[in-house]
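Thanks for coming. I will go through a few local features one at a time, and the structure comes up on the screen now.

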Amino acid sequence: MNRSLFAQYALLPSGWARDVLLQWDDRGRFASVAPQAEPPPGIRRAAGPVLPGMPNLHSHAFQRAMAGLSEYQGQADDSFWTWRTLMYRLAGTLTPEHLEAIATGLYVEMLEAGYTSVCEFHYLHHDPSGRPYPDPAAMSLALLRAAERAGIGLTLLPVFYQAGGFGGVPPAEGQRRFLHTTDAMLSLLARLKPVCEARGARLGLAPHSLRAVPPDSLRAVLAGLDALDPTAPIHIHIAEQTAEVDACLAWSGQRPVQWLLDHAPIDERWCLVHATHMDDDEYRRAAASGAIAGLCPTTEANLGDGIFDAPRWRAAGGPEGGRWGVGSDSHVCVNAAEELMLLEYGQRLRSHRRNVLAGPAQRHVATAMTLEAVAGGAQASGRPIAGLAAGQQADWVVLDAAHPLLAGLPSPDAMLSAHVFASHRQSAIQEVAVAGTVQVDAGRHAIGEAARAGLAAVRAALG
């Protein structure tokens, strides 16, 4: 009974089921997920509908320290690029101790907001002068410690960065902490692989972008990664800004996603982060490749990136649809349901329709999006976190059926819809568990107060 939970309603990969008995083993994996079950005597009952844990497929943890602090007009044409200058200033000041405190606070926030795992797109490697630390993995290890302390699942994606623009433009001073030779990057991965395995984390690679990684280096680092782990996940920023598309066309005569598809082995291991600006052929080919579209609606809105065409991506992916997941990226917002809400609202604004992301099998938008985001996020994470099913990690979120906007609703679809679109999202979360261990109870994490204080202290110290 210690490794069991009974749910009146649970959202399985096939949809909602009633009277579900969830049981997991001592590794934190589901051994059985049985609908239409009789509750054993004495079993713990969930306080409301049980959802699969949501993977956060794109995170730059350190940027949580500047959330809300760039919302003023520095110049008339403020853009992603002017924001990036402010972000580089922050990046130039942080120590491993700062990063660990920021990430611990952030990861606790994620858990309280319904995320149970995170893909950390980590490019802050060296000391402020650009020299490697005595242990070149010092900043990565700070993230691993933070994830372990918070109790969140982690896919660590060290970022490969060499250039300041297409065609091998020399990097700027603000990028000096990010840079690696190809051999140094592969050495870092080799150093981190056994550490990640020992801590239950997944190791992958993130070539930062086509503008930051020259073609020869991209080929070499991918070959080195394959020798280390041919199944490791690969994430890349791509086609986030129209200026990036224009620069890629000027350099190569091709659009970014077009170039990547022609020059790299894009398949199910890849996550194309943002992919906001694609033409019809890029949508078709990228979706057909099996790659995940990594969507970060609140950050994309905050930075003025544009709106991803989700219906076109879905249609381009064939019978199963193009695959996608969500991330909180720069962490101006840390809330799984809010990312889903803004994704749907963006599609409504561009199409002048409602309930755009409902599916043929799931007419309720919140249910359809949750299932698709969990499946896509799991694939991007390279971890067995694809929902409430035997063999998957026992990650779940329980909604509070007594919440004022959920109480008395006739179905779990309605309760999930209220959570996503009407309940101030996070406030309806009762419980969050990772690998069978409850990390959030009654909406609060056990170390939440201390973690928040640590994050606040760093923000205050950095001014």
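A strand, as I use the word here, is a DSSP run of E with at least two residues, and the numbering starts from the N terminus. Keep in mind that this is a predicted model.

With that, take Thr155, which sits in strand β7, residues 153-160. Is Thr155 buried or exposed? The cut-off for buried is under 20% relative accessible area. Thr155 has a relative accessibility of 1%, so it counts as buried. Its side chain has a polar partner: the backbone oxygen of Ser381, reached at 2.7 Å. Setting aside neighbours within four places in sequence, the residues in contact with Thr155 are Val118, Cys119, Glu120, Arg202, Pro233, Ser381 and Arg383. Ser381 therefore turns up twice, in the polar pair and in the contact list.

Cys119 is on that list as well, which brings me to the cysteines. How many disulfides does a search of the whole structure find? The count is 0. For Cys119, the closest cysteine sulfur belongs to Cys271, at 7.1 Å, and that is too far for a bond. The cut-off is 2.5 Å between the sulfur atoms. Cys119 is also buried, because its relative accessible area is 0%. Cys333 is the other one I looked at. Its sulfur has its closest cysteine counterpart in Cys296, 12 Å away, again too far for a bond. Cys333 has a relative accessible area of 12%, so it is buried.

Next, a pair of helices. In general, two packed helices are described by the angle between their axes and the distance between the axes. Here the pair is α2, residues 96-112, and α3, residues 138-150. Their axes come within 8 Å and cross at roughly 35°. The crossing is right-handed. On the α2 side, the contact is made by Pro96, Leu99, Glu100, Ala103, Thr104, Tyr107, Val108 and Leu111. On the α3 side, the residues are Ala138, Met139, Ala142, Leu143, Arg145, Ala146, Ala147, Arg149 and Ala150. By class, that contact comprises 13 nonpolar residues, 1 polar and 3 charged. If the spacing in those lists looks regular, remember that an α-helix has 3.6 residues a turn, so residues three or four places apart point the same way.

Now to helix α13, residues 412-421. How many of the 10 residues of α13 are buried? The number is 9, so the helix is largely enclosed by the rest of the structure. The buried ones are Pro412, Asp413, Ala414, Met415, Leu416, Ser417, Ala418, His419 and Val420.

Following the chain on from there, Ser423 is in the loop between α13 and β15, the latter being residues 429-434. Ser423 counts as buried, because its relative accessibility is 0%. A polar atom of the Ser423 side chain lies 3.1 Å from the backbone oxygen of His419, and His419 is one of the buried residues of α13. Leaving out neighbours within four places in sequence, Ser423 is in contact with His403, Leu405, Leu406, Ala418 and Ala428.

Two residues are worth a look for their backbone angles. Asp329 is not a glycine, yet its phi is positive, near 55°. Asp329 is in the loop between β13, residues 323-326, and α11, residues 336-351. With a relative accessible area of 3%, Asp329 is buried. Ala442 also has a positive phi, about 55°, without being a glycine. Ala442 is in the loop between β16, residues 437-441, and β17, residues 444-445. The solvent picture for Ala442 is 52% relative accessibility, so it counts as exposed.

Two more positions to finish. Ile266 is in the loop between α7, residues 256-263, and β11, residues 270-274. Its relative accessibility is 13%, so Ile266 counts as buried. Beyond four places in sequence, Ile266 is in contact with Leu260, Leu261, Ser289 and Ala291. The C-alpha atoms of Ile266 and Ala288 are 10.0 Å apart, with the two positions 22 residues apart in sequence terms.

Last, Ala250 belongs to helix α6, residues 242-252. Ala250 has a relative accessible area of 69%, so it is exposed. From Ala250 to Gly167 the C-alpha separation is 9.9 Å, and the two are 83 residues apart along the chain.

Technical notes. Residues numbered from 1 in each chain as written. Predicted model: local features only at pLDDT ≥ 70, side-chain atom pairs only at ≥ 80, totals over all residues. Heavy atoms only, no water. Buried < 20%, exposed > 50% of the residue type's maximum accessible area, 1.4 Å probe, protein only. Helix = DSSP H or I, 4+ residues; strand = E, 2+ residues; numbered from the N terminus. Polar contact = N/O pair within 3.5 Å; in protein donor to acceptor, adjacent residues only side chain to side chain. Contact = heavy atoms within 4.5 Å. Axes fitted to C-alpha atoms, helices over the stretch in contact; angles between N-to-C directions. Left-handed = near helix turned anticlockwise from the far one by under 90°. Nonpolar A, V, L, I, M, F, W, Y, C, P; charged D, E, K, R; others polar.
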